[in-house]
Amino acid sequence: MRKKGQPLTEYNEMKTRITVSITPTAVNGIDAMADSLNISRSELLERIGRGMLQVSAVNQETSGD
């Protein structure tokens, strides 16, 4: 079990608490992605930031000429 103030063995460095401002819609999307991978929101962002997961844009075509 990890003790507070000690690095996680998986990444071998301390995590830092940060604050970001995003819309409720974005929170729901992040939570859905994390849930689909059975990981936390924090772990999802960690993996994206480390290049362990890639995010691709969904093409949304707009109608109306």
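These are my notebook entries on a predicted model, taken one topic at a time.

**Entry 1: the overall picture**

I began with the secondary structure and found two helices and zero strands in the chain. I then looked up burial: of the 65 residues in the chain, 9% are buried. The accessible surface comes to about 6,200 Å², and carbon and sulfur atoms hold 50% of it. I also checked how far along the sequence the contacts reach. Among contacts with a separation of 6 or more, 32% are between residues 24 or more positions apart.

**Entry 2: helix 1 and what follows it**

How many residues does helix 1 have, and how far does it reach? I get 14 residues, from 24 to 37, and a reach of 20 Å from the first C-alpha to the last. That is close to the 20 Å expected at 1.5 Å a residue.

Just after helix 1 comes Asn38, and its phi is positive, near 60°. Asn38 is not a glycine, and I made a note of this with the usual pattern in mind. Most residues other than glycine have a negative phi. Asn38 sits in the loop between helix 1 and helix 2. Is Asn38 buried or exposed? Its relative accessibility is 72%, so Asn38 counts as exposed.

**Entry 3: another asparagine with positive phi**

I went back along the chain to Asn12, where phi is again positive and near 60° in a residue other than glycine. Asn12 belongs to the segment before helix 1. With a relative accessible area of 62%, Asn12 is exposed.

**Entry 4: a nonpolar patch**

Which residues make the nonpolar surface patch? I found Ile18, Val20 and Ile22, and together they give about 300 Å². I took Ile18 for a closer look. Ile18 lies in the segment before helix 1. Ile18 counts as exposed because its relative accessibility is 64%, and exposed means over 50%.

**Entry 5: Glu43, a buried acid**

Next I turned to helix 2, residues 41-49, which holds Glu43. Is Glu43 buried or exposed? Glu43 has a relative accessible area of 12%, so it is buried; the cut-off for buried is under 20%.

I then listed the neighbours of Glu43. The side chain of Glu43 has a polar contact of 2.9 Å with the side chain of Arg47. Leaving out residues up to four places away in sequence, Glu43 touches Glu10, Tyr11 and Lys15.

**Entry 6: Glu13 and Arg50**

On to the charged pairs, where my count comes to five salt bridges. Side chains of opposite charge can pair when their charged atoms come close.

The side chains of Glu13 and Arg50 form a salt bridge, at 2.7 Å from N to O. This pair links distant parts of the chain, with Glu13 in the segment before helix 1, Arg50 in the segment after helix 2, and their positions 37 residues apart. The Glu13 and Arg50 side chains are also listed as a polar contact, at 2.7 Å.

I looked up the exposure of both partners. Glu13 is partly exposed because its relative accessible area is 43%. Arg50 is partly exposed too, with a relative accessible area of 35%.

**Entry 7: a bridge between the helices**

Where in the chain do Asp31 and Arg41 lie, given their salt bridge? The closest N and O atoms of Asp31 and Arg41 are 2.7 Å apart. Asp31 is in helix 1 and Arg41 is in helix 2, so to speak a link between distant parts of the chain, 10 residues apart.

Both partners came out as partly exposed when I checked them. Asp31 has a relative accessible area of 23%, and Arg41 has one of 44%.

**Entry 8: the network**

Last, I followed Arg50 to a second partner. The side chains of Arg50 and Glu46 meet in a salt bridge, at 2.5 Å from N to O. Which residues are linked in a network of salt bridges? My list reads Glu13, Glu46 and Arg50. I closed the notebook on that network, with Glu13 in the segment before helix 1 and Arg50 in the segment after helix 2.

Definitions and conventions: Residues numbered from 1 in each chain as written. Predicted model: local features only at pLDDT ≥ 70, side-chain atom pairs only at ≥ 80, totals over all residues. Heavy atoms only, no water. Helix = DSSP H or I, 4+ residues; strand = E, 2+ residues; numbered from the N terminus. Expected span 1.5 Å × (residues − 1). Patch = residues over 30% accessible without salt bridge, like charges linked within 9 Å, V, L, I, M, F, W, Y side chains within 5 Å. Areas by Shrake-Rupley, 256 points an atom, 1.4 Å probe, with all protein chains shown as cover. Salt bridge = Lys/Arg side-chain N within 4 Å of Asp/Glu carboxyl O. Buried < 20%, exposed > 50% of the residue type's maximum accessible area, 1.4 Å probe, protein only. Polar contact = N/O pair within 3.5 Å; in protein donor to acceptor, adjacent residues only side chain to side chain. Contact = heavy atoms within 4.5 Å.
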